[in-house]
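Student: I would like to learn how to read pockets, sheets and buried strands in a model of this kind. Could you take me through them one at a time?

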Amino acid sequence: MENNDMKKKLKLKVSAIKDGTVIDHIPAKSLFEVISILGLDLIENQITFGTNLESGKLGAKAIIKVSDKFFENDEINKIALIAPHAKLNIIRDYEVAEKKIVEIPQKITGIVKCFNPKCITNHEKITTCFKVINTNPIALKCKYCEKITAEDQIKML
Amino acid sequence: MKKDLISITDFSKEEYLRIMELAADFEANPNQELLKGKVVASLFFEPSTRTRLSFETAINRLGGRIVGFADPDSSSATKGETLHDTIKMVSNYADLIVMRHPLEGAARYAAEVSSVPIINAGDGANQHPTQTLLDMYSILKTQGTLDNINLFMVGDLKFGRTVHSLLQAMSVFENPIFNFIAPESLQMPRAYKHHLEERGIRYFEHEEFTDIISEADIIYMTRVQKERFSDPMEYEKVKDVYILNKAMLENTKPNVRVLHPLPRVNEIATDVDSSEKAYYFEQALNGMFTREAIISHVMNLK
């Protein structure tokens, strides 16, 4: 009962949108990275977000609602590294028109920093590039230095 | 499309064998004017006398001319020029670039920037593919084949890039067996053992350097470097354990040969030098023929 009340309140906290995308189940600690990766800090759409919301799975989760914005799969998959359980609801006229989950791409270009301090990408202006060699846990092989960045070593650029 | 040699895994088994064939050809006839009229840039952003002289001799024997620098102090990198700009400029001048760089991935990046082929002569702790090809040529020459080789690797198997690349290269041949002899703290990394397991290749790990080497076809020695140990006590414990001396070779197979990428410090006792099983100096000479072969291959000279 208490849980249901909570859910209702949660819905109230982040108001509904007419058209756009709701990104749910973002780990609270990754919220601002998600905003930055998706470039939401640079657009003029109406955005509401909530964070440190209770979530059974994630501990504390965040949610973002972006009005009049629909993401391409390539674009949204960029957040898979930091929000692998994120779920998207595509809203049209206040209704959920489509649901999407994020997928870890095979190649990660430009988002992640190579953990190897001696990698050339940490010394010159080079777009990083990794092959995803494992998804659970995530392991990324640098195209340049060939070293493997493990999930707990991942840092965003 | 231009051909580069950045990482040993860039080449297929057929290409390895083609390089071996060319190396044998250059060994029989080292002076062939295939690079006549061509300019090769030799860019050593980190000094390496041995590798540089081997390359530059190879280029000279092919009749090519050399421009470049032997150490970073005499290069524009000290003025803060980026690798990108140096490579862009040099690739306008030269027909081929041979480069050594202290940063890992530098050669792969240079290959993207350059319009002419790049040969990686070592990028930090990452790759040194020409060393691997000369190691393979040495194995082929002394064993007559690259198949069914029982390869013992001794010393620092954790940080030693030469053993990692050689493992990857030899694993494409028939039925290799690997034996790793190293202190616990310097064992072959998990990723390389996994590489072998995936291919169903047998390997064995030992901490003690004993008469198990009687099984070996090749004993590949490496240096155990003090700076690799966080605990100096640990280094003191193992520093004299992984030393090969002549007596240890007594009960080994007649075809066994001892390889070492050089320079050695004390891991091969000097009394081994007079053994017919010592092969590390010939191995270094093989490097020149192999580099002539690699240059010919990437530039389609033969």
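Tutor: We begin with the pocket: on a 1 Å grid over the protein atoms alone, a pocket is an open set of points with protein on both sides within 12 Å along at least five of seven lines, a cavity is a set of points where a 1.4 Å probe fits but cannot get out, and lining residues have an atom within 4 Å of a point. Grid points are joined across faces, edges and corners, and a volume is the space filled by probe spheres set on the points. By that reckoning the largest pocket has a volume of about 1,400 Å³; among its 37 lining residues, those closest to the centre are Lys141(A), Glu146(A), Ile148(A), Gln168(B) and Tyr192(B).

Student: What should I keep in mind about the model and its labels?

Tutor: This is a predicted model, in which local features need pLDDT of at least 70 and side-chain atom pairs count only at pLDDT 80 or more, while totals for chains, interfaces and linings use all residues. Residues are numbered from 1 along each chain as its sequence is written, chains are lettered from A and ligands numbered from 1 in the order in which they are written, and side-chain values use heavy atoms, with hydrogens and water left out.

Student: Which helix gives the most to the lining of the largest pocket?

Tutor: Helices (H or I, at least four residues) and strands (E, at least two) are DSSP runs, numbered from the N terminus. H7(B) gives the most, with 6 residues, and strands E8 (129-135) and E9 (138-142) of chain A, like helices H6 (161-170) and H7 (190-198) of chain B, each supply at least two.

Student: How is the sheet in chain B ordered?

Tutor: Two strands pair if DSSP finds at least two bridges between them. The open sheet of 5 strands in chain B has the order E7-E6-E5-E8-E9, with parallel pairing. Strands E7 (202-206) and E9 (257-259) of chain B each have a single partner strand, so one side of each lacks a neighbour in the sheet. Between E8 (residues 218-221) and E9 of chain B there are 3 bridges, and Ile219(B) stands opposite Val258(B).

Student: Why is strand E3 of chain A largely enclosed?

Tutor: Buried means under 20% relative accessible area, exposed over 50%, and partly exposed in between (1.4 Å probe, protein chains only). In E3 (residues 59-67) of chain A, 7 of the 9 residues are buried, so this strand is largely enclosed by the rest of the structure. E3(A) pairs in the antiparallel sense with E1 (residues 20-27) of chain A over 6 bridges and with E2 (residues 47-55) of chain A over 7 bridges.
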